[in-house]
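User: I'm new to this structure and would like a close look at one part of it. Please start from a single spot and then show me how its surroundings fit into the whole.

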Amino acid sequence: MPNERAILLVEDNPDDEALTLHALSRSGITRPVVVVHDGVEATDYLFGTGVHAGRKIEDLPAVVLLDLKLPRVDGLEVLRRIRADARTALLPVVILTTSRESLDLRQAYSLGANSYIRKPVDFERFERAITLIGEYWLELNETAETVSRSAY
């Protein structure tokens, strides 16, 4: 569908980016995917600044798949900025990371992450995780935006 909201993938590792895009494709997820490679690009995209100046910021992604270990601005700071702005405060953010640090997990949830998923090393398990993310966040989950559109 042409009006489907995109998935924003924030990933600096080219191999993880390729695997995620491949898994999304194999999972039958046909939404457009916008890929940015660091935290500055992510916030520029979401807030229509920098290299994304002039982008219609009301066209928010359906979900953000956010890595934590990013150059320039890390994923936790991106999440902090997303939650601090009224326009993006309710945007679904799924942390998709290799980090096994319990501090990262606690901080992500305390900053308002909707989900925290460690990237499985095995591709079949990774693909299954992406499929489940897509099914839940793109098909099953009711967002505040969905509810407010259908209520009127």
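Analyst: Let's start with Trp137, which counts as buried because its relative accessibility is 12%, under the 20% cut-off for that class. Please keep in mind as we go that this is a predicted model.

Trp137 belongs to an aromatic pair, so let's turn to those pairs. The count of aromatic pairs comes to two. One of them joins Tyr109 and Tyr116, whose ring centres lie 6.5 Å apart with 40° between the planes, a tilted arrangement. The two partners differ in cover: Tyr109 is partly exposed at a relative accessible area of 40%, whereas Tyr116 is buried at 10%. The other pair is the one with our starting residue: Tyr136 and Trp137 meet edge-to-face, with 4.8 Å from centre to centre and 85° between the planes. Here too one ring belongs to a partly exposed residue, as Tyr136 has a relative accessible area of 40%, while Trp137 is buried at 12%.

Tyr136 has its place in helix 5, and that helix covers residues 123-140. Glu127 lies in helix 5 as well. Is Glu127 buried or exposed? Glu127 is buried, because its relative accessible area of 12% is under the 20% limit. Once neighbours within four places in sequence are left aside, Glu127 touches Ala23, Arg26 and Ser27. You can get a feel for distances from Glu127 and Leu138, which are 11 residues apart in sequence and 16 Å apart from C-alpha to C-alpha.

Now let's step out to other parts of the chain. Tyr136 and Gly75 are separated by 61 residues in sequence and by 22 Å between their C-alpha atoms. His37 gives another view of our starting residue: the C-alpha atoms of His37 and Trp137 are 22 Å apart, with their positions 100 residues apart along the chain.

His37 itself sits in the loop between strand 2 and helix 2. With a relative accessibility of 34%, His37 is partly exposed. Apart from neighbours within four places in sequence, the residues in contact with His37 are Glu11, Asp12, Glu17, Leu70 and Pro71.

The loop of His37 leads us to helix 2, residues 39-47, which is mostly covered, with eight of its nine residues buried. Among them are Gly39, Asp44, Tyr45 and Phe47. What do the buried residues of helix 2 pack against? Their partners are strand 1 (7-10), strand 2 (33-36) and helix 3 (75-84).

Another loop, the one between strand 3 (63-66) and helix 3, holds Arg72. Arg72 is exposed, since its relative accessibility of 62% is over the 50% limit. Its backbone deserves a glance too: Arg72 is not a glycine, yet its phi is positive, at about 65°. For background, most residues other than glycine have a negative phi.

Finally, here is the whole protein around these spots. The protein has six helices and five strands, and from the N terminus they follow the order β-α-β-α-β-α-β-α-β-α-α. Its radius of gyration is 15 Å, which agrees with the value near 15 Å for a compact globule because the rule is applied to 152 residues. Along the principal axes, the C-alpha atoms fill a box of roughly 45 × 35 × 30 Å.

Buried residues account for 47% of the 152 residues. Of the contacts with a separation of 6 or more, 64% link residues that are 24 or more positions apart. On the outside, the accessible surface is about 8,300 Å², and carbon and sulfur atoms contribute 52% of it. As for charge, there are 18 positive and 24 negative charges, and their mean positions are 4 Å apart.

Methods: Residues are numbered from 1 along each chain as its sequence is written. This is a predicted model: local features need pLDDT of at least 70, side-chain atom pairs count only at pLDDT 80 or more; totals for chains, interfaces and linings use all residues. Side-chain values use heavy atoms; hydrogens and water are left out. Helices (H or I, at least four residues) and strands (E, at least two) are DSSP runs, numbered from the N terminus. The radius of gyration is taken over C-alpha atoms; the globule rule is 2.2 Å times the number of residues to the power 0.38. Buried means under 20% relative accessible area, exposed over 50%, partly exposed in between (1.4 Å probe, protein chains only). Contact means heavy atoms within 4.5 Å. Accessible areas come from the Shrake-Rupley method with a 1.4 Å probe; for residues, only the protein chains shown count as cover. Lys and Arg count as positive and Asp and Glu as negative; His and the chain ends are not counted. The place of a charge is taken as NZ of Lys, CZ of Arg, CG of Asp or CD of Glu. Rings of Phe, Tyr and Trp (its six-membered ring) pair if their centres lie within 6.5 Å; planes under 30 degrees apart count as stacked, over 60 as edge-to-face and the rest as tilted.
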